[in-house]
Amino acid sequence: MTINKILVIDDTTVVRVKVREMLPPGNFEVLEAKDGVEGLNFIRQEKFSLIMLDFLLPKMSGWEVFQQIQSQPELKKVPLVIMSGRKEEVTEKLPEPFEGFEFLGKPFDQKQLLGAIKAAMTKAKQPRPEPTSVARPTNNNGATATDAIATTTTSSANQIQALNEKITAMQVEIDGLKKQLAQVVTFIKQKIK
């Protein structure tokens, strides 16, 4: 009988215990890590059937652990479920549609957990394009396709940076409006008394 090793990396004990309790009884061995460093150490020492990774972790973030997993071809094949109570934290780094892993929003129930695990296992079996180094065709200007991709990537990075700057500016504006609203509410309360 095969034992499926599952690693749950989450800084919240309740979530780790909840996952363990929601799994069907039987052939599962659940290992738990309370931070990204501990989780990565487990990943390097053991072979897992599934990794469940919280995106916001102490010591080393889930994002950093994810990058380590993606940098190693044998680890990329392990089914992965990324968990977070704030999906926007994940989509900021990994835009949808999610490829190579499944997202599970917190809080979750048993049906959602099992669905995410099943989806992650399906995604892990799907072939993913690997970067290849083949002949580099050039256009009329002598620029290669790689140059065009690099230019596009730089352009995308600049657009993302501009959007992040806009978000930061909007957040400052929102904070200012919240402060003004609080002052208006305080003023109204004083007038009512």
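A polar contact is a pair of N or O atoms within 3.5 Å; within protein, one atom must be able to donate a hydrogen and the other to accept it. The views below come from a predicted model.

**View 1. Polar contact between Asp54 and Lys106.** The side chains of Asp54 and Lys106 make a polar contact at 3.2 Å. Asp54 belongs to strand β3, which covers residues 50-54. With a relative accessible area of 4%, Asp54 counts as buried because that value is under 20%.

**View 2. Surroundings of Asp54.** Leaving out residues up to four places away in sequence, Asp54 touches Ile9, Asp10, Asp11, Gly62, Met83, Ser84 and Lys106. Lys106 is thus seen again here, as one of the residues that Asp54 touches. A further pair to locate in this view is Asp54 and Gly85, which are 31 residues apart along the chain. The C-alpha atoms of Asp54 and Gly85 are separated by 9.0 Å.

**View 3. Ser84 in strand β4.** Strand β4 spans residues 80-84 and includes Ser84. Ser84 has a relative accessible area of 1%, so this residue is classed as buried. Beyond residues up to four places away in sequence, Ser84 touches Asp54, Phe55, Val90, Phe103, Leu104, Gly105 and Lys106. Asp54 and Lys106, the partners in the polar contact of View 1, are both among the residues that Ser84 touches.

**View 4. Nonpolar surface patch with Ile188.** Val184, Phe187, Ile188 and Ile192 form a nonpolar patch on the surface. Together these residues have about 410 Å² of accessible area. Ile188 lies in helix α7, which comprises residues 145-192. The relative accessible area of Ile188 is 43%, so Ile188 is partly exposed, between the 20% limit for buried and the 50% limit for exposed.

**View 5. The protein chain as context for the close-ups.** The protein chain contains 7 helices and 5 strands. Read from the N terminus, the elements follow the order β-α-β-α-β-α-α-β-α-β-α-α. The chain has 193 residues, of which 30% count as buried. Of the contacts between residues at least 6 apart in sequence, 60% join residues at least 24 apart. The chain exposes about 13000 Å², and carbon and sulfur atoms supply 57% of that area.

Definitions and conventions
Residues are numbered from 1 along each chain as its sequence is written. This is a predicted model: local features need pLDDT of at least 70, side-chain atom pairs count only at pLDDT 80 or more; totals for chains, interfaces and linings use all residues. Side-chain values use heavy atoms; hydrogens and water are left out. Patches are made of residues with over 30% relative accessible area and no salt bridge: like charges are joined within 9 Å, nonpolar side chains (Val, Leu, Ile, Met, Phe, Trp, Tyr) within 5 Å. Accessible areas come from the Shrake-Rupley method with a 1.4 Å probe; for residues, only the protein chains shown count as cover. A salt bridge is a side-chain nitrogen of Lys or Arg within 4 Å of a carboxyl oxygen of Asp or Glu. Helices (H or I, at least four residues) and strands (E, at least two) are DSSP runs, numbered from the N terminus. Buried means under 20% relative accessible area, exposed over 50%, partly exposed in between (1.4 Å probe, protein chains only). Contact means heavy atoms within 4.5 Å.
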